[in-house]
Amino acid sequence: MSAYYQNFIGGHWRDGAGGERIAVENPATGEQLAEVARATPADVDAAVGAARRCVEDRSLVGLKPADRGRYLVDMGRWIVDHRGEIAELLTLDSGKTLQESGWEVDGCAGYLEYYGGLAPMVEGSYIPVGDGIVDYAIPVPYGVSAHIIPWNYPLDIVGRGIGPAIATGNAVVVKSPELDPITVTYVARAAEEVGLPPGALNVIAGYGHDAGDALSKHPDVGQITFTGSVETGQKVLHAAADAVIPTVVELGGKSAAIVLPDADLDVLTEQTRWGIYSNAGQVCSAMSRLVVPHDLRDEIVDRVVARSEELTVGPGIDSNDMGSLISAQQLERVDRYVRTAQEDGVTVATGGGRLDRPGHFYQPTVLVGVENGMTIAQEEVFGPVLSVISYTHEAEALAIANDSQYGLVSGVFGNDLDRVTYLADRLEAGQVFVNEWFLPGREAPFGGFKKSGFGREKGLLGLRSYYHWKNVGIRRK
């Protein structure tokens, strides 16, 4: 790996305008990994300017849709060809396991290939309005599309955002996360290698309070995609509202999985392993609340605890089952939530503490005796902490699951199709998993209800977030 990474603006690699750098830490060791050029508002202006020039000269939007798609497909293949290198860097950069990093590289490439194939599917329509008049509607890209990327899945979320944006003819500015920005530069390298028109993709690394803020408020930005916390998302939305800019925002979750009495407990146990411990629990759609029948609570807890204690925790590069949290700040946040839960009377069935070793590691944790009104059940912990909540009847389980400010995903485990579909219809979430967590792939639309955000990414619906409509009416002679 390199010791220093630059920003990519207008088809060129550049230092930050202020000459400053951001130190990137390896969260598994606490040691410095590399440095990246720190983007300032001046760099944001340069990146947006490059994107704007790409829009105005029509070097991207003027292409045949299939040709835009071909660029994306070629970028995806370049990323696949460098999978091992990128996955290793992502593990060092973010703390996740090597297996998870490989999956994320595949996911990024898959989004680019998927939307590359869909690029020609965006069509207009002829509208019959009477003799002597030709009327048609055409999809028009917003122009400059700004993407503010979170640190938990930097590659995956870049791919799912820039894929549909570029497929529909938008030029893109990506603000990568300052905590793990290194592998996002590989997406820029892919664009450079395949000859994507200059300015069509710009990648800058900077802090949210200056670079992110400047990007969300830039007058030449035509559309914003943001994934992150509710608090930061509200700031982005205020800026977008002032400028009347359309946005897609995904703002986290506190997802509940309802376990029905006839659920397959072997399946449930294995799904909790992935649902709450993937990426050390730093997942917006993590299975953070497990809502179980009171009569089965002890058996389910015993099973989940046993599975949790089987997991090895350590540096992801060493093929452990769970890696580190992203930073010391995040480790402190998770530990504080667990301490608060204990003060509220919750029992720690397993885990509940940091690992005594370098890096930012937290034990896989299961909490029992949680009531849904507690802080631990209402606020997003963003760590490997599972709260078990018991219920006595189905209506109570549904009320518990929906009693949240969030509505990103929910889940049901059970084999009675009538009961499963009844609950799926009434769960207040943008996506419902049944008998398998993280079930759909890139083809299924993703987005939240309530404070989890609005707009949809992934699937065919994801394309619609990146264009609006122009109607043309012509009077014949």
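## A tour of strands, a helix and some loops

In strand β17, L367 has S387 as its bridge partner. Start there, and keep in mind that this is a predicted model.

**Stop 1: around β16.** Select residues 365-368, which make up strand β16. Turn on the side chains. T365 and L367 point one way. V366 and V368 point the other way. All four are buried. In a regular strand, side chains alternate between the two faces of the sheet.

Now add residues 385-391, strand β17. β16 and β17 pair in the parallel sense, over three bridges. Next add residues 347-350, strand β15. Three bridges also join β15 to β16, but here the strands run antiparallel. To find a reference point for this pairing, select T350: V366 of β16 stands opposite.

**Stop 2: F382.** Stay close to β17 in the sequence. F382 sits in the loop between α12 (375-378) and β17. Check its backbone: phi is positive, about 60°, although F382 is not a glycine. Most residues other than glycine have a negative phi. Is F382 buried or exposed? F382 counts as buried, because its relative accessibility is 13% and the cut-off for buried is under 20%.

**Stop 3: V244.** Here is another positive phi. V244 has a phi of about 55° and is not a glycine either. Look for V244 in the loop between α8 (230-243) and β12 (247-250). V244 is exposed, with a relative accessible area of 71%.

**Stop 4: the β6-β7-β23 sheet.** Select 125-126 (β6) and 467-475 (β23), then 133-141 (β7). These three strands form an open sheet in the order β6-β7-β23, with antiparallel pairing. Why do β6 and β23 each have one side without a neighbour in the sheet? Both stand at the edges with a single partner strand, so one side of each is left free of a neighbour.

Zoom in on the pairing of β7 with β23. Nine bridges join the two strands, which run antiparallel. For one of the pairs, pick I133: its bridge partner in β23 is R475.

**Stop 5: a nonpolar patch.** Show the surface and colour Y126, Y136, I138 and I474. Together they make a nonpolar surface patch of about 350 Å². I474 is found in strand β23. This isoleucine, I474, is partly exposed, at 38% relative accessible area.

**Stop 6: helix α4.** Select residues 98-118. This helix has 21 residues. From its first C-alpha to its last, α4 reaches 30 Å. That is close to the 30 Å expected at 1.5 Å a residue. How many of the 21 residues in α4 are buried? The count is 15, so α4 is mostly covered.

**Stop 7: T183.** Go to the loop between β9 (171-176) and α6 (184-194), where T183 lies. T183 is buried, with a relative accessible area of 0%. What is T183 in contact with, leaving aside neighbours within four places in sequence? Show I86, L89, L90, D93 and L155: T183 is in contact with each of them.

**Stop 8: G441.** Finish in the loop between β20 (431-434) and β21 (449-450), where G441 is found. At 32% relative accessibility, G441 counts as partly exposed. Draw a distance from G441 to D262, C-alpha to C-alpha: the two are 27 Å apart in space. In sequence, G441 and D262 are 179 residues apart.

Definitions and conventions:
Residues numbered from 1 in each chain as written. Predicted model: local features only at pLDDT ≥ 70, side-chain atom pairs only at ≥ 80, totals over all residues. Heavy atoms only, no water. Expected span 1.5 Å × (residues − 1). Buried < 20%, exposed > 50% of the residue type's maximum accessible area, 1.4 Å probe, protein only. Pairing = 2+ DSSP bridges. Contact = heavy atoms within 4.5 Å. Patch = residues over 30% accessible without salt bridge, like charges linked within 9 Å, V, L, I, M, F, W, Y side chains within 5 Å. Areas by Shrake-Rupley, 256 points an atom, 1.4 Å probe, with all protein chains shown as cover. Salt bridge = Lys/Arg side-chain N within 4 Å of Asp/Glu carboxyl O.
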